[in-house]
Amino acid sequence: MCGIVGYIGKRDVAPLLLEGLQRLEYRGYDSAGIVITSPKASGLKMVKAKGRVRDLEAKVPKRFAGTTGIAHTRWATHGAPSDENAHPHLDSEGKVAVVHNGIIDNTTELRAKLVADGIEFLSETDTEVLVHLVARSQAVTLEEKVREALRHVEGTYGVAVMHADFSDRIVVARNGSPVVLGIGEKEMFVASDIAALVSHTRQIVTLEDGEMATLKADDFRTYTTEGSRTTATPTTVEWEAESYDMGGHDTYMHKEISEQADAVDRVLRGRIDDRFSTVHLGGLNLDAREARGIRRVKILGCGTSYHAGMIGAQLIEELARIPADAEPASEFRYRNPVVDPDTLYVAVSQSGETYDVLAAVQELKRKGARVLGVVNVVGSAIAREADGGMYVHAGPEVCVVSTKCFTNTVVAFALLALHLGRIRDLSVSDGKRLIAGLRKLPAQIAAILETEDEIKKIAEEYAGAQSMMFIGRVRGYPVALEASLKLKEISYIHAEAYPASELKHGPLALIEPALPTVAIVPDDELLEKNRAALEEIKARSGRILAVAHREQEKADHTIVVPKNETELDPILMGIPLQLLAYHTALAMGRDIDKPRNLAKSVTVE
């Protein structure tokens, strides 16, 4: 969602903040702003602009010097994109500046009280309420002013606050929205994402919910919103700044698709146990006796993570013979679910900060459930809240739509399923078979990526479609769902996914030459059933693109992928469909890395 960057030190702050905002552009936004000061300045200087960071940069005066500042990229919630609604927001006297990620739920009530007291609002945002609450506080210190203001606020926030009368510090706070401190040499940084920090420091501190911090040039301290001191030990970020560069590719999405062979190798590395035909997953914090006591597995995620969880649930059922299913976390947390002590809950999130998933984890923990996290970002909120889990080691993913992280998450679920299966009833021979299949994946992914030119030609033929259908059966259905999501996210072509078995129950009414169908047709026990579905579509003059292990006679085009073990085939069948979505969007001239209306990390409801 929105992005925060802040700095206090001795360097010229504006270029640092603008660079940080550019690093956060992938999160999605519609406006940006910056406010700066210095110990010698008489007040705050601010520039805001609707549009991209480059539009903001063009408005920044040549003489815009300072050594302390905060900046923001906004994704509209309260109020349309505009200069007025862009962050930072100032109070009436221009002394207090605030940037804010999240949503203040009681905005209407607070705003009405402030208006009744004579406050004139300049924006439609919820954030401006917080600015005036800080400014009106009679507390002596900035820390107390912010703490007092936050006591009135209901909702989620990651905030950074500056005050002209306290130019030697920035005060930040977190509740449900990420805030990360960067520790430098006589300089301090703050951001909502480590991407904005890694080119300057790899020493970070991640705030917990209900925690605040004061940053000064040569020091920082953390404490609760109630005022109690907390202990914060910096950790070292694994990822280098170069990991966030395009590396010669035209888009981040293309770069990340091309990195998948290496990424899958990373998630496998050091985890395979040939001696016992299983895998090492020490981070689960789940011993064999506890694993055998699991009676059900429930996987929770949103969007792409939910689709990965669907494949994961099938793998767990097939290999471990434990009933398993996946559910959108956004639905689970609101339906008052029955929380069973014998159920293992698995929370899936690329960022580890997805609000709906995090809130579901917190509710499950409150009810005494055992929760594992499957995330990409070390030290993220879900990783800290969960009882244990797995990192998927995909590396930084900058494009808004997920590709390599989806693939690595599914591979991580294959490891979890194998681990649970070998503890229970999966044979040594099946363990060896699956390990051999896992080891083949990187080379097979590389082979698929070498067919990109062929996939590009196919994509150009389908780029004119107004709508597309995706179908798959059992293992193929989640692949169809994910492929449909990828296409609609970046090309804006309407796309729907159905189980192939459901065609006769309604979707066949849509089939016509103008509606192409993408069919997932693996060589498995359902091959003939899937071919029958192709016959039904072709009999109604539908165009068919098959993703299969061999050419399909009834298809107009077939993308042939290498065969692996049947359980692992979905991992490979998703790769060419990422390229299909990419090249379809490219042919249509879309902004692939920053699709409209979307954000990378959804940290609000």
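## Strand β25 and its partners

In this predicted model, Thr 517 stands opposite Ile 544, a residue of strand β26. The chain passes from β25 to β26 by way of helix α17 (residues 527-538), and this β-α-β crossover is right-handed. Strand β26 covers residues 544-548, and 5 bridges join it to β25, with the two strands running parallel.

Strand β23 (residues 467-472) also pairs with β25: the two run parallel and are joined by 3 bridges. Thr 517 takes part here as well, as the bridge partner in β25 of Met 469.

## Burial of strand β25

Strand β25 spans residues 517-521, and 5 of its 5 residues are buried, so the strand is largely enclosed by the rest of the structure. Which residues point each way from β25? Thr 517, Ala 519 and Val 521 point one way, whereas Val 518 and Ile 520 point the other way. The residues on both sides are buried.

## Helix α1 and its surroundings

Elsewhere in the chain, helix α1 is formed by residues 13-23 and is mostly covered, with 8 of its 11 residues buried. The buried residues are Val 13, Ala 14, Leu 16, Leu 17, Leu 18, Gly 20, Leu 21 and Arg 23.

What covers the buried residues of α1? The covering elements include the strands β1 (3-8), β2 (31-37) and β4 (68-74), together with helix α2 (53-59).

How values were computed:
Residues numbered from 1 in each chain as written. Predicted model: local features only at pLDDT ≥ 70, side-chain atom pairs only at ≥ 80, totals over all residues. Heavy atoms only, no water. Buried < 20%, exposed > 50% of the residue type's maximum accessible area, 1.4 Å probe, protein only. Helix = DSSP H or I, 4+ residues; strand = E, 2+ residues; numbered from the N terminus. Contact = heavy atoms within 4.5 Å. Pairing = 2+ DSSP bridges. Right-handed = clockwise from strand over helix to strand, strands pointing away.
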